[in-house]
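Trainee: I would like to work through a model with you. Can we go question by question?

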Amino acid sequence: MENLSQIWMRIQGTLLPFLRDELDPITEKQEKLIAILEMVRIEDFIKIFPSVGRPKDDRQALARAFLAKAHYNMTTTTELIERLKGSKNLRRICGWELQSQVPDEWTFSRAFAEFAQMGLSEAVHAKLIQTYQAKRLVGHISRDSTEIEARERPAAKTPLLPKEKRKRGRPRKGEEPGPKEPTALEKQQQMTFADLRASLPTACDRGAKKDSKGFAHCWTGYKLHIDTADGEVPISCILTSASVHDSQVAIPLMKMTAQRVTSLYDLM
């Protein structure tokens, strides 16, 4: 809390007054985006290497735009580009001075794909938790999931191999029953965290979940599994296919959360 209050005092006392003089009148939404960018420092996670040939567009500005797209809850990259070209403040906050400097849509898509491949969001979140939550004793970790709808086409599922049926009844005299196959959770207990993450499916598919009233809700896309500490602070997050049951991600989330904070109870 002391570190957060010092950052917020610096934002309110120094950064925002300076930007008010430099920019047009700042909206409340833009002030929140500035505070988020100052706290997250997403550009520190973008490494710039000298390249041969045509230079790449500023990846740090693209990373700030990546965060702005999530902050404004924009659904498409086209909408983000229109907002950047139409708002001088938003464009300058992200790092472009002129409309002509805003890259084209395919440049944004290529950069966002690179950010996803390098796990930029996960790295930023892990660093924030390590900085502000690692020394905290968490009373309760609340574990739940939420749907993430996508416009992608669901991936085709591989057909399951038929299981060999066992004869009903007790085995005959002298006949030993076959070994009992361990359940999915029993297999997970013997796996490392890296193997657990690799075993979870991440392709787009269809999922269903009951709401608080008991009605089934179906969607196409993904499922985000979250461990939340007291105070509504997300400690760990894992993205899977929409059809993955919450119980299959409980052990990986436990291991990830245990590496980041010390907690007393798990609520699932």
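The questions below run from the whole chain to its core, its salt bridges and its surface.

Trainee: What kind of model is this, and how many helices and strands does the chain have?
Mentor: This is a predicted model. The chain holds 268 residues, and buried ones make up 31% of them. Its secondary structure comes to ten helices and five strands.

Trainee: Among contacts between residues at least 6 apart in sequence, what share joins residues at least 24 apart?
Mentor: Take the contacts in the chain between residues at least 6 apart, and keep those that join residues at least 24 apart. The share is 66%.

Trainee: What span should helix α2 have, and what is the distance between its end C-alpha atoms?
Mentor: Helix α2 covers residues 28-40, which is 13 residues. The expected span is 1.5 Å times one less than the number of residues. That gives 18 Å, and the end C-alpha atoms agree with it, because they too are 18 Å apart.

Trainee: Which residues of α2 are buried?
Mentor: Buried means under 20% relative accessible area. In α2, the residues that meet this are Gln-30, Leu-33, Ile-34, Ala-35, Leu-37 and Val-40.

Trainee: Which element gives the most to the largest nonpolar core?
Mentor: That core has 29 residues, and those with the most contacts inside it are Leu-84, Trp-96, Phe-108 and Phe-115. Two or more residues each come from α2, α3 (59-71), α4 (77-86), α5 (88-94), α6 (105-118) and α7 (120-132). With six residues, the element that gives the most is α3.

Trainee: Where is Trp-96, and is it buried or exposed?
Mentor: Trp-96 sits in the loop between α5 and α6. Its relative accessible area is 6%. The cut-off for buried is under 20%. Trp-96 is therefore buried.

Trainee: How far apart in space are Trp-96 and Leu-62?
Mentor: Leaving out residues up to four places away in sequence, Trp-96 touches several residues, including Ala-61, Leu-62, Leu-84 and Phe-108. Trp-96 and Leu-62 are 34 residues apart in sequence. In space, C-alpha to C-alpha, they are 9.6 Å apart.

Trainee: Which residues does Phe-108 touch?
Mentor: Residues up to four places away in sequence are not counted here. Phe-108 then touches Leu-62, Ala-65, Thr-77, Leu-80, Ile-81, Leu-84, Trp-96, Val-102 and Pro-103.

Trainee: What phi does Arg-41 take, and which side chains meet Arg-41 in salt bridges?
Mentor: Arg-41 comes just after α2 and takes a positive phi of about 55 degrees. Arg-41 is partly exposed, at 33% relative accessible area. One salt bridge joins its side chain to that of Glu-38, at 3.6 Å, N to O. Another, at 3.4 Å, N to O, joins Arg-41 to Glu-43.

Trainee: Is Glu-43 buried or exposed?
Mentor: Glu-43 has 12% relative accessibility. The cut-off for buried is under 20%. Glu-43 therefore counts as buried.

Trainee: Which residues are linked with Arg-41 in a network of salt bridges?
Mentor: The structure holds eleven salt bridges. A network of them links Arg-41 with Glu-38, Glu-43, Asp-44 and Arg-64.

Trainee: Is Arg-64 buried or exposed, and which residues is Arg-64 in contact with?
Mentor: Arg-64 is found in helix α3. At 15% relative accessibility, Arg-64 counts as buried. Leaving aside neighbours within four places in sequence, its contacts are Leu-37, Ile-42, Glu-43, Ile-93, Cys-94 and Gly-95.

Trainee: How many residues apart in sequence are the parts that Arg-197 and Glu-122 tie together?
Mentor: The side chains of Arg-197 and Glu-122 meet in a salt bridge at 3.6 Å, N to O. Arg-197 lies in helix α9 (residues 193-199) and Glu-122 in helix α7, so the pair ties together parts of the chain 75 residues apart.

Trainee: How exposed are Arg-197 and Glu-122?
Mentor: Both count as partly exposed. Arg-197 is at 27% relative accessibility, and Glu-122 at 46%.

Trainee: Which residues make the nonpolar surface patch of about 350 Å²?
Mentor: One of them, Tyr-265, is in strand β5 (residues 262-267). Tyr-265 counts as exposed, at 53% relative accessibility. The patch is made by Leu-137, Leu-264 and Tyr-265.

Trainee: What share of the accessible surface belongs to carbon and sulfur atoms?
Mentor: The accessible surface of the chain comes to about 18500 Å². The share of carbon and sulfur atoms is 54%.

Conventions:
Residues numbered from 1 in each chain as written. Predicted model: local features only at pLDDT ≥ 70, side-chain atom pairs only at ≥ 80, totals over all residues. Heavy atoms only, no water. Helix = DSSP H or I, 4+ residues; strand = E, 2+ residues; numbered from the N terminus. Buried < 20%, exposed > 50% of the residue type's maximum accessible area, 1.4 Å probe, protein only. Patch = residues over 30% accessible without salt bridge, like charges linked within 9 Å, V, L, I, M, F, W, Y side chains within 5 Å. Areas by Shrake-Rupley, 256 points an atom, 1.4 Å probe, with all protein chains shown as cover. Salt bridge = Lys/Arg side-chain N within 4 Å of Asp/Glu carboxyl O. Core = buried A, V, L, I, M, F, W, Y, C linked by side-chain atoms within 4.5 Å. Contact = heavy atoms within 4.5 Å.
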